[in-house]
Amino acid sequence: MSLLAMALGQSAGSNPSSVPLAASSGEGFESPGVTDFWQPLIGEGAWAITRASFLMVLSVVLLAWVMTAVARKLTVVPGKAQFAAEAGYNLVRNGLGREVIGSPDFLRFLPLLVTLFFLIIVNNVFAIVPVIQFPTMSRVGFPAALALVVFVVFHYVAIKKKGFVPYLKSLVPPGLPGWLVPFIFLLELVTYFFTRPVTLALRLFGNMFAGHLLLLLFTLGGEYMLLHSDAPVLQVLSVGSFAGSFVMTAFELLVEVLQAYIFTLLTALYIAGSLADEH
């Protein structure tokens with residue numbers, strides 16, 4: 001088996017022997033699927049320690065170590081790590097916190113926004129890091145947990161500022177005809193308590209899952225056509241599949257950064273809405 005096939009077998013979490021096995025049995029190419037993203041390392045079932053769980057812990061340790069090291073050795077002329085940390089921090093602080101939430105309220109939410117941004121972006125970029133090659137957020141439980149934190153925060157902020165009943169009343173824009181108020185209230189209630197957290201989680205999960213699945217499909221397909229096909233035409237066409245995998249890798253990096261930004265931006269927007277006096 002080639003090194004490429006071994007690496008991809010690790011990335012997809014599939015049986016490393018699946019590709020050559022399929023070829024030798026004459027069953028053709030076996031495309032990656034949903035089950036390839038379930039990779040338990042210790043134990044089985046709902047309580048198993050999975051590869052995604054391990055990577056989440058690794059990202060927390062890595063971020064804590066880098067941020068602590070950068071903070072202890074701040075210099076006027078920043079090194080690469082300090083430059084990257086400051087660039088991300090300034091983007092969230094000035095571009096999202098200050099611009100969206102406004103001064104001075106954004107300062108108390110800055111730790112949450114910065115943590116979300118760096119945690120998501122590191123776990124997303126894991127998808128294209130050699131050897132690791134797995135996006136943590138392709139397991140829906142992780143974006144759902146982050147969305148739940150955001151859900152609790154922006155509702156807590158609004159209820160603390162306005163009170164529970166006034167907060168519910170503020171969901172309806174002022175000036176509406178009386179007969180329209182119940183319909184708008186129900187619509188806004190569903191939006192605030194269901195649509196927002198669900199779409200926040202599914203957007204991140206869907207992009208990471210679909211992007212990595214396409215990357216696997218291009219790479220594994222190219223490897224199968226080149227090494228396990230007897231047809232010369234398919235061996236030539238494998239070049240196009242490998243070229244597509246390189247393009248998809250660059251595109252996935254863009255999506256990974258963009259999704260971390262969008263998740264943090266929506267969090268800031270929801271908090272800003274909770275602090276606003278009117279709908």
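I will go through two helix packings and some aromatic pairs in this predicted model.

Start with helix H6, residues 141-162, and helix H8, residues 181-227. Their axes are 9 Å apart, and the helices pack at an angle of about 145 degrees. The crossing of H6 past H8 is right-handed. On the H6 side the contact includes Pro143, Ala147, Phe151 and Phe154, and on the H8 side Phe193, Arg196, Leu200 and Phe205 are among the residues involved. Sorted by type, the residues of this contact are 13 nonpolar, one polar and one charged.

Now the rings. Phenylalanine 151 is buried, at 18% relative accessible area, and phenylalanine 154 is buried too, at 1%. These two sit three residues apart in H6, so about one helical turn separates them. What does phenylalanine 151 pair with over in H8? The partner is phenylalanine 193. The ring centres of 151 and 193 are 6.2 Å apart with planes at 75 degrees, so this pair is edge-to-face. Because one ring lies in H6 and the other in H8, the pair ties together parts 42 residues apart in sequence. Phenylalanine 193 itself is partly exposed, at 33% relative accessibility.

One aromatic cluster consists of Phe37, Phe134, Phe205 and Phe209.

The second packing is helix H5, residues 106-125, with helix H9, residues 232-275. The axes come within 8 Å and cross at roughly 160 degrees. Angles over 145 degrees count as roughly antiparallel, so that is how H5 and H9 run relative to each other. H5 also passes H9 in a right-handed crossing. Leu112, Leu116 and Ile120 are among the H5 residues in the contact, and H9 contributes residues including Val257, Ala260 and Thr264. This contact divides into 16 nonpolar, four polar and two charged residues.

Conventions
Residues are numbered from 1 along each chain as its sequence is written. This is a predicted model: local features need pLDDT of at least 70, side-chain atom pairs count only at pLDDT 80 or more; totals for chains, interfaces and linings use all residues. Side-chain values use heavy atoms; hydrogens and water are left out. Axes are lines fitted to C-alpha atoms, for helices over the stretch in contact, and angles run from 0 to 180 degrees between N-to-C directions. Helices (H or I, at least four residues) and strands (E, at least two) are DSSP runs, numbered from the N terminus. A crossing is left-handed if the near helix is turned anticlockwise from the far one by less than a right angle, and right-handed if clockwise. Contact means heavy atoms within 4.5 Å. Ala, Val, Leu, Ile, Met, Phe, Trp, Tyr, Cys and Pro count as nonpolar, Asp, Glu, Lys and Arg as charged, and the others, Gly among them, as polar. Angles under 35 degrees count as roughly parallel, over 145 as roughly antiparallel, 65 to 115 as roughly perpendicular and the rest as oblique. Buried means under 20% relative accessible area, exposed over 50%, partly exposed in between (1.4 Å probe, protein chains only). Rings of Phe, Tyr and Trp (its six-membered ring) pair if their centres lie within 6.5 Å; planes under 30 degrees apart count as stacked, over 60 as edge-to-face and the rest as tilted.
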